[in-house]
Amino acid sequence: MQVEILLFASLRDELGPAVPVDVPGAGLPATTVGDVRAAFLAAYPSATRLGRRILVAVNERHASDGDPVRPGDTVAFLPPLAGG
């Protein structure tokens, strides 16, 4: 399954507003956020510095690694946020 990932903040600065990712073995039995994250990090090694700290949203809702990703879902990655 191919997933287009919307990127924000420093990820967007580095890679652009969106990137396509092919998730191998997707859909068996279900593609998860963790599968998409792993495929993204394999395809874009410069982002591995963020690893599991990347925040993920699916269809504009916070998502965890075990949450499903279905064809047509909107997936967004945000680097860790800091501020005060």
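This passage describes the fold of a single chain, from its overall dimensions to its sheet, its core and its loops.

The structure is a predicted model, and its chain contains two helices and five strands. Read from the N terminus, these elements follow one another in the order β-α-β-α-β-β-β. The C-alpha trace spans about 40 × 25 × 20 Å along its principal axes. The radius of gyration of the chain is 12 Å, which agrees with the value near 12 Å that a compact globule of 84 residues would have. Of these 84 residues, 38% count as buried, while the chain as a whole exposes about 4900 Å², of which carbon and sulfur atoms supply 55%. Among the contacts between residues at least 6 apart in sequence, 50% join residues that are at least 24 apart.

The five strands are arranged in an open sheet with mixed pairing, and their order across the sheet is β2-β1-β5-β3-β4. The edges are formed by β2 and β4, each of which pairs on one side only, and the twist from one strand to the next averages 35°. In general, the strands of a sheet pair through backbone hydrogen bonds, in either a parallel or an antiparallel sense.

Beginning at the β2 edge, β1 and β2 pair in the antiparallel sense over five bridges, and within this pairing the bridge partner of Glu4 is Pro20 in β2. The pairing of β1 with β5 is parallel and extends over three bridges; here Ile5 stands opposite Val75 in β5. On going from β5 to β3 the sense is antiparallel, with four bridges joining the two strands. Val75 in β5 also has Val58 opposite it, and Phe77 in β5 is the bridge partner of Val56. The sheet is completed by β3 and β4, which run antiparallel and are joined by three bridges, with Val56 standing opposite Ala63 in β4.

Helix α2 packs on this sheet and touches β1, β2, β3, β4 and β5, its direction making about 105° with that of β2. Within this helix, which comprises residues 33–43, the buried residues are Val33, Gly34, Val36, Arg37, Ala39, Phe40 and Leu41. The cover over the buried residues of α2 includes the strands β1 (2–7), β2 (18–22), β3 (55–58), β4 and β5, together with helix α1 (9–15).

In soluble globular proteins, nonpolar side chains tend to be buried together. The largest nonpolar core of the present model has 22 residues, and those with the most contacts inside it are Ile5, Phe40, Val75 and Phe77. At least two residues of this core are supplied by each of β1, β2, α2, β3 and β5, and the largest share, five residues, comes from α2. The surroundings of Phe77 illustrate how separate parts of the chain meet: when residues up to four places away in sequence are not counted, Phe77 touches Ile5, Leu6, Leu7, Phe8, Leu11, Val36, Arg37, Phe40, Ile54, Leu55 and Val56.

Two loops involving β4 were examined further. β3 and β4 form a hairpin with two residues between them, and both Asn59 and Glu60 are placed in the loop that links these strands. Most residues other than glycine have a negative phi. In Asn59, by contrast, phi is positive and near 55°, and in Glu60 phi is likewise positive, near 65°. With regard to solvent accessibility, Asn59 counts as partly exposed because its relative accessibility is 39%, which lies between the limits of 20% and 50%. Glu60 is exposed, with a relative accessible area of 77%, a value that falls in the range over 50%.

On the other side of β4, Ser64 lies in the loop between β4 (61–63) and β5 (75–78). Its relative accessibility of 41% means that Ser64 counts as partly exposed. The C-alpha atom of Ser64 is separated by 11 Å from that of Asp35, a residue that is 29 residues apart from Ser64 along the chain.

How values were computed. Residues are numbered from 1 along each chain as its sequence is written. This is a predicted model: local features need pLDDT of at least 70, side-chain atom pairs count only at pLDDT 80 or more; totals for chains, interfaces and linings use all residues. Side-chain values use heavy atoms; hydrogens and water are left out. Buried means under 20% relative accessible area, exposed over 50%, partly exposed in between (1.4 Å probe, protein chains only). Contact means heavy atoms within 4.5 Å. A nonpolar core is a set of buried Ala, Val, Leu, Ile, Met, Phe, Trp, Tyr and Cys residues joined through side-chain atoms within 4.5 Å. Two strands pair if DSSP finds at least two bridges between them. Axes are lines fitted to C-alpha atoms, for helices over the stretch in contact, and angles run from 0 to 180 degrees between N-to-C directions. The radius of gyration is taken over C-alpha atoms; the globule rule is 2.2 Å times the number of residues to the power 0.38. Accessible areas come from the Shrake-Rupley method with a 1.4 Å probe; for residues, only the protein chains shown count as cover.
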